[in-house]
Amino acid sequence: RVRGDADLAQARRYLPAGLLPASAGKTIEALRDLGGRARVDLALHADAAAPLRYSGAAVLDNVHVRVGDVALNQIRGEVSFSPAEIRAERARATLNGADLQLSVLLKDLTGAATYDVAVESQAVKAPDALGLLLPVDVSKSPGLVRGSIRFTGPLAAPEAHKVTGQLELVGVQIPVPFFDEPFRDVSGRLRIAGSTIDLEGMRARIAGDAIALDGRWTGGERPLLVFQLSSPDLNIRHILPHHVSPQEPWYEGLQVRGKLALAKATYDNFVFTDLKNDLILDHRTWRLERFSARAPGGGTVEGSGAFVDRGENGTFTVEPKITGVPLQTVLGWFDLGNNEVTGTVRLIGKFDFNGGTTEERRRSLNGAVSVRIDDGMMRRFQLAVRILSFIDLSRWFTLKLPNINQEGIRFRMVSADVKIAQGVYSTQNFFLDGDDLRITGAGKLDGTTDDIDFVVAVRPFPGIDHAWNYIPILGTGLAAVKNSLLVASFRVRGPINDASVMPAPLSTLSEFFYGALAIPKGLIGLPPSTPSKEPTSPAPAPAAITK
């Protein structure tokens, strides 16, 4: 039996051969920079027919040691040891000045040795704690971590360890490689159970935007994140992954199931309030389900969407339902600002686009939508001015249209079914209905060049709807009753802000035009396509028009 005071650095060098089993010897070798003193009480028993047996205890006093990259100092406590195990309970130490309480158990040293290490602290610097848990560089992270954590596993394979515990983060910073900005001022609780981490009451900032997060992370071949995220004001770009290499297999297997509740949300030109949405990620496809939000200035947006994150820029698919949103807001989303037309929009449809810039997305836009604009006004709308100024009002009107440059023209409704192909918009049933004008149109608008090619029919004062059953044609694209113009048709071509406007024959108008303008096609005396005989009796003279 030996009792005494030992210098641990020297004692380690002079341990008798065979005193420790091979596995325990490897454990001792892992302890680097071991130093300090200990009071030792050791009992040895030797028998010629059996291995050396021993048991003992050591009271540590201001011991220091390094295990891997972790340096512990001022270690105090009692360690008991035998050939089968080494145990220390409620030992004390410091880690870069932070106080720790340790419990260590190394057992089954003569066989498949395992370790069980528990650490508890009221305040550890964030790099010292998170560096053991996260595969990212947190060396510059501010903040503190407190709580308890436990590591267990086989000594022969430290990488196979299991971690459990409860930690509280206070003001730490966590960089995520595929995000443009790190998560700053992270505070909240982590509950760790192996590959599962529960996030409770997490608060953070990303690029200045505050978020609140609760959820669960489950690791494995196909890791899964389930979460609920809220924010008073968030740029959605900040929570979408960037800089992800297509060769990274973890992203292919990553799954996300989340719920967003954002008081205000932005994405490029899109701005929403009171946004609620279910977010799903599977095989690099982000899906938005049960989307609902309010638009600035009024109205709601509902629907669904998807973002396929493959290739350089990915592909967006959107199925919106827009109700009562101001037209200027909708145009602003697509960088198509225009103050010449107002109203509230109702829209439903589906479209997709891709590209890294607004211009690229505009050129790649495809889809089909039905749109209606209610209770609006055209103010100084250049194209409408050119069309209306083409009509000689002093000659053809006994009534007077409002001056579009000064008063504007109010309308009850504008509607169209629109198909979009590579940024080119086309429709066969454009319709504007108002007290002063009724306009129909068909054609296309190239959203990439702002060139227009449309056939337009105009009926001023649609309230004048009583006429005899024959309306004479006055020129190529005009028809009138007495001195009041009934309908005029035009071909509009060129840049939308400087298009050429030419009369178009009324015979080119489709059945839709006449139906929308509430004019029976047979009411207008269209010239025959081939010569025909004169009628046997003259056509009745036009009757007076009542307003």
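**Notebook: positive phi and a strand trio**

I began with Asp185, which sits in strand β10 (residues 183–193). For strands I used DSSP runs of E of at least two residues, numbered from the N terminus (helices are runs of H or I of at least four). The model is predicted, so I kept in mind that local features need pLDDT of at least 70 and side-chain atom pairs pLDDT 80 or more, while totals for chains, interfaces and linings use all residues. Residues count from 1 along each chain as its sequence is written, and side-chain values rest on heavy atoms, without hydrogens and water.

I checked the backbone of Asp185 next: phi is positive, about 50 degrees, although Asp185 is not a glycine. Most residues other than glycine have a negative phi, which made me look for others.

Asp268 turned up, with a positive phi near 55 degrees. I found Asp268 in the loop between β15 (255–267) and β16 (270–282).

Are these two buried or exposed? Neither: Asp185 counts as partly exposed because its relative accessibility is 46%, and Asp268 is partly exposed at 37%. Here buried means under 20% relative accessible area, exposed over 50%, and partly exposed in between (1.4 Å probe, protein chains only).

Then I turned to β22 (residues 409–421), which runs antiparallel to β21 (residues 366–378) with 11 bridges joining them. Strands pair when DSSP finds at least two bridges between them. Ala368 has Lys419 in β22 as its bridge partner.

β22 also pairs with β23 (residues 424–433), antiparallel, over 7 bridges. Ala421 is bridged to Val424 of β23. Their hairpin has 2 residues between the strands, and there I noted Gln422 with a positive phi near 55 degrees.
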